Amino acid sequence: DRLPLIASCLKICPTHVFEWDGEVGMRIYFGRCLECGACSMACQPGNIDFDYPPGGYGVVYRFG
């Protein structure tokens, strides 16, 4: 069971980007991401690959 390895990722994200589906596994909703970086600090190394986008513009909303 992979759930213990990703539990910190599921709990730390303020916008619930990561959701666990027992049948499929991890679902990632990147459109919810605020680029706060909490997941890069809380998730175990190797669970995610997080990089801030270039440009220094902060969050850019593209969907509405």
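How many bridges join strand β1 to strand β2, and in what direction do the two strands run? In this predicted model, four bridges join strand β1, residues 18–21, to strand β2, residues 25–28, and the two strands run antiparallel.

**View 1. Overall fold of the predicted model.** The secondary structure of the protein amounts to two helices and two strands, and from the N terminus on these elements follow the order α-β-β-α. Of the 64 residues in the protein, 17% are buried. The protein exposes about 5,000 Å², of which carbon and sulfur atoms supply 56%. When contacts between residues at least 6 apart in sequence are considered, 26% of them join residues at least 24 apart.

**View 2. The hairpin formed by β1 and β2.** Strands β1 and β2 form a hairpin, and three residues lie between them. Within this pairing, E19 has R27 as its bridge partner in β2, while D21 stands opposite G25, which also belongs to β2. In a regular strand the side chains alternate between the two faces of the sheet.

**View 3. The surroundings of E19 in strand β1.** E19 is found in strand β1, and it is classed as partly exposed because its relative accessible area is 30%, a value between the limits of 20% for buried and 50% for exposed. With neighbours within four places in sequence left aside, E19 is in contact with L10, G25, M26, R27, Y29 and R32; among these, R27 is also the bridge partner of E19 in β2. The C-alpha atoms of E19 and I6 are 9.8 Å apart in space, and the two residues are 13 residues apart in sequence.

**View 4. M26 in strand β2.** M26 lies in strand β2 and is partly exposed, with a relative accessible area of 23%. M26 and L10 are 16 residues apart along the chain, and their C-alpha atoms are separated by 9.3 Å. Both M26 and L10 are in contact with E19.

**View 5. The largest nonpolar core.** Eight residues make up this core, namely I6, C9, L10, C13, V17, F18, C39 and C43. Helix α1, which spans residues 3–12, contributes the largest share of the core, three residues. In soluble globular proteins, nonpolar side chains tend to be buried together. C9, a member of this core, touches F18, C43 and N47 when residues up to four places away in sequence are not counted; of these partners, F18 and C43 belong to the core as well.

**View 6. C33 in the loop between β2 and α2.** C33 is placed in the loop between β2 and α2 and counts as partly exposed, at 29% relative accessibility. Apart from residues up to four places away in sequence, C33 touches T15 and V17, and V17 is one of the residues of the largest nonpolar core. The C-alpha atoms of C33 and F18 are separated by 9.5 Å, with the two residues 15 residues apart along the chain.

**View 7. Two loop residues with positive phi, H16 and E35.** Most residues other than glycine have a negative phi. H16, although not a glycine, has a positive phi of about 60 degrees, and its place is in the loop between α1 and β1. H16 is partly exposed, with a relative accessible area of 46%. E35, another residue other than glycine, likewise has a positive phi, near 60 degrees, and is found in the loop between β2 and α2, the latter comprising residues 38–42. E35 is partly exposed too, its relative accessible area being 25%.

**View 8. R32 over the ring of Y29.** R32 lies over the face of Y29, at 4.3 Å from the ring centre. Both Y29 and R32 are also in contact with E19, as shown in the view of that residue. Pairs between aromatic rings are another matter, and their count in this model comes to zero.

Methods. Residues numbered from 1 in each chain as written. Predicted model: local features only at pLDDT ≥ 70, side-chain atom pairs only at ≥ 80, totals over all residues. Heavy atoms only, no water. Core = buried A, V, L, I, M, F, W, Y, C linked by side-chain atoms within 4.5 Å. Buried < 20%, exposed > 50% of the residue type's maximum accessible area, 1.4 Å probe, protein only. Contact = heavy atoms within 4.5 Å. Pairing = 2+ DSSP bridges. Areas by Shrake-Rupley, 256 points an atom, 1.4 Å probe, with all protein chains shown as cover. Phe/Tyr/Trp six-rings, centres within 6.5 Å; stacked < 30°, edge-to-face > 60°. Lys NZ or Arg CZ within 6 Å of the ring centre and 35° of its normal.
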